[in-house]
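Reader: Can you walk me through this one? I'm new to reading structures.

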Amino acid sequence: MLVAAFSTKPYDRDALLAASRGTDIEWRWHETHLGANTALLAAGAMAVNCFVNDSLNAATLEQLSHLGVKLVTLRCAGFNQVDCAAAARLSIPVVRVPEYSPHAVAEHAVALVLTLNRKLHKALNRVREGNFALDGLLGFDLFGRTVGVIGMGRIGRCVAEIFLGFGCRILAHDPHPDATLAARGVIYVPLEQLLAESHIVTLHCPLVPATYHMINAERIASMQHGVMLINTSRGGLIDTAAVIQSLKSGQIGHLGLDVYEEEADLFFDDRSNSVIQDDTFMRLLTFPNVVVTAHQAFFTKNALDAIAAQTVRNLLHFQRGEPLEAVVAG
Ligand code: NAI
């Protein structure tokens with residue numbers, strides 16, 4: 001079975017090759033993103049394998065259908081990059097990896113909180129330069145602080161558990177409250193209350209039309225002055241222009257991002273010798289109280305191996321005509 005795998009890096013290939021050893025899966029590796037203008041690279045393949053910044057819009061899916069591609073497998077949990085209605089219309093099943101390591105992403109969100117709070121990004125450089133002054137590195141105790149978790153799914157609940165361990169008060173917002181977590185001390189509240197009372201707000205809900213720019217100017221104004229905002233979910237949850245204004249006014253006191261609305265043209269590649277054209281992104285990097293990582297929250301050995309294993313399972317289920325797991329469309 002020939003599979004055209006897009007947006008692949010050596011680490012993806014190593015994991016997928018190891019997971020598919022002993023099967024008849026044959027990989028055709030592409031470093032480029034999948035989109036309407038690159039779909040031809042899937043010619044002859046039974047399935048394509050994609051990642052977060054591949055564009056599976058109607059035009060791409062129509063081309064894949066035309067080429068005889070029968071299955072789309074995602075190497076990720078989020079599927080906001082897929083036009084599910086088009087996939088269903090074209091009868092191309094789209095399967096994902098719904099859970100690989102929620103701990104990987106949760107732990108990275110917490111790493112962003114700790115880095116921003118204790119200014120580790122600055123301290124590292126200072127000490128290397130022989131500057132041992134502490135001015136400007138003042139943090140706060142996490143113990144006793146209120147952390148607002150928006151989206152209490154697989155990742156959000158791991159984040160809540162970790163912050164419970166720090167002795168934080170956890171406010172949660174999710175359309176589907178979980179009684180077990182409530183019994184462990186998590187307090188489910190309406191979004192307005194979470195935003196008004198939290199010192200740290202961390203986003204773990206999916207990007208869907210209803211959550212697009214859920215963190216906008218109005219909602220930011222309703223937060224605590226100097227709030228810490230963390231986004232490891234999807235860039236589109238945040239109105240970046242509004243966030244920049246709030247960083248300038250001090251309404252947002254710390255910002256930790258692992259995702260960015262326009263990341264598709266930036267992340268996962270070495271652009272250190274290029275002039276980056278995205279002025280909004282570059283403005284974000286100028287703030288001393290902003291830490292950006294390039295969509296690396298998932299990036300642990302455990303997660304890569306689990307993604308590869310589920311991807312191979314998805315392909316083999318399809319090949320054998322068995323019921324598919326984790327279908328998002330089609
Ligand atoms: P999940 O599906 O287990 O949980 C999502 C939760 O959000 C659900 O409990 C759902 O009820 C809730 N939700 C839906 N709409 C909401 C709303 N309007 N307000 C509050 N909560 C809402 O998903 P999981 O695995 O926890 O992943 C969360 C997100 O993290 C994914 O959608 C994905 O975009 C992102 N992600 C980011 C990664 C990274 O490397 N930065 C890696 C993996 C996932």
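Author: Sure. One term comes up at once: a helix here is a DSSP run of H or I with at least four residues, and helices are numbered from the N terminus. Also, this is a predicted model.

Reader: OK. What comes just after α12?

Author: G321 does, with a positive phi of about 70°.

Reader: And how far apart are the end C-alpha atoms of α12?

Author: They are 27 Å apart. The helix covers residues 301–319, which is 19 residues. At 1.5 Å a residue the expected span is 27 Å, so the two agree.

Reader: Which residues of α12 are buried?

Author: The buried ones include L304, I307, A308, T311 and L315. Q310, N314 and H317 are on that list too.

Reader: Why would places three or four apart point the same way?

Author: Because an α-helix has 3.6 residues a turn.

Reader: Which residue follows α10?

Author: G250, and its phi is positive, near 90°.

Reader: What happens at the start of α10?

Author: D239 reaches in there. One of its side-chain oxygens comes within 3.2 Å of the backbone nitrogen of A241.

Reader: What do the buried residues of α10 pack against?

Author: Two helices, α9 and α11, and three strands, β10, β11 and β12. Among the buried residues of α10 are V243, I244 and L247.

Reader: Switching to sheets. In what order do the strands of the six-stranded sheet come?

Author: β2-β1-β3-β4-β5-β13. The sheet is open and its pairing is mixed. β2 and β13 stand at the edges with a single partner strand each, so one side of each has no neighbour in the sheet.

Reader: Which helix packs on that sheet?

Author: α1, residues 10–20. It touches β2 and β3, and its direction makes about 170° with that of β2.

Reader: How do β3 and β4 pair, parallel or antiparallel?

Author: Parallel, over four bridges. V48 has V72 in β4 as its bridge partner.

Reader: Where is H30?

Author: In the loop between β2 and β3.

Reader: Is H30 buried or exposed?

Author: Buried. Its relative accessibility is 12%, and the cut-off for buried is under 20%. Leaving aside neighbours within four places in sequence, H30 contacts residues including F6, R13 and L41.

Reader: What about β9? Which way do its residues point?

Author: I200 and T202 point one way, V201 and L203 the other. All of them are buried.

Reader: Where do side chains go in a regular strand?

Author: They alternate between the two faces of the sheet.

Reader: Which strand pairs with β9 through G148 and V201?

Author: β6, residues 146–150, in the parallel sense over four bridges. G148 stands opposite V201. β9 also runs parallel to β10, with four bridges joining them. There, I200 stands opposite M228.

Reader: Last topic, the ligand. Which residues come nearest to it?

Author: Of the 23 residues around the ligand, Y100, R154, I155, D174 and T232 come nearest.

Reader: What does T232 put beside the ligand?

Author: A backbone N or O atom, 2.9 Å from a nitrogen atom of the ligand.

Reader: And what lies by a ligand oxygen?

Author: A polar backbone atom of G153 is 3.4 Å from an oxygen atom of the ligand. A polar side-chain atom of S233 lies 3.5 Å from an oxygen atom of the ligand.

Conventions. Residues numbered from 1 in each chain as written. Predicted model: local features only at pLDDT ≥ 70, side-chain atom pairs only at ≥ 80, totals over all residues. Heavy atoms only, no water. Buried < 20%, exposed > 50% of the residue type's maximum accessible area, 1.4 Å probe, protein only. Pairing = 2+ DSSP bridges. Expected span 1.5 Å × (residues − 1). Contact = heavy atoms within 4.5 Å. Axes fitted to C-alpha atoms, helices over the stretch in contact; angles between N-to-C directions. Near = heavy atom within 4 Å. Polar contact = N/O pair within 3.5 Å; in protein donor to acceptor, adjacent residues only side chain to side chain.
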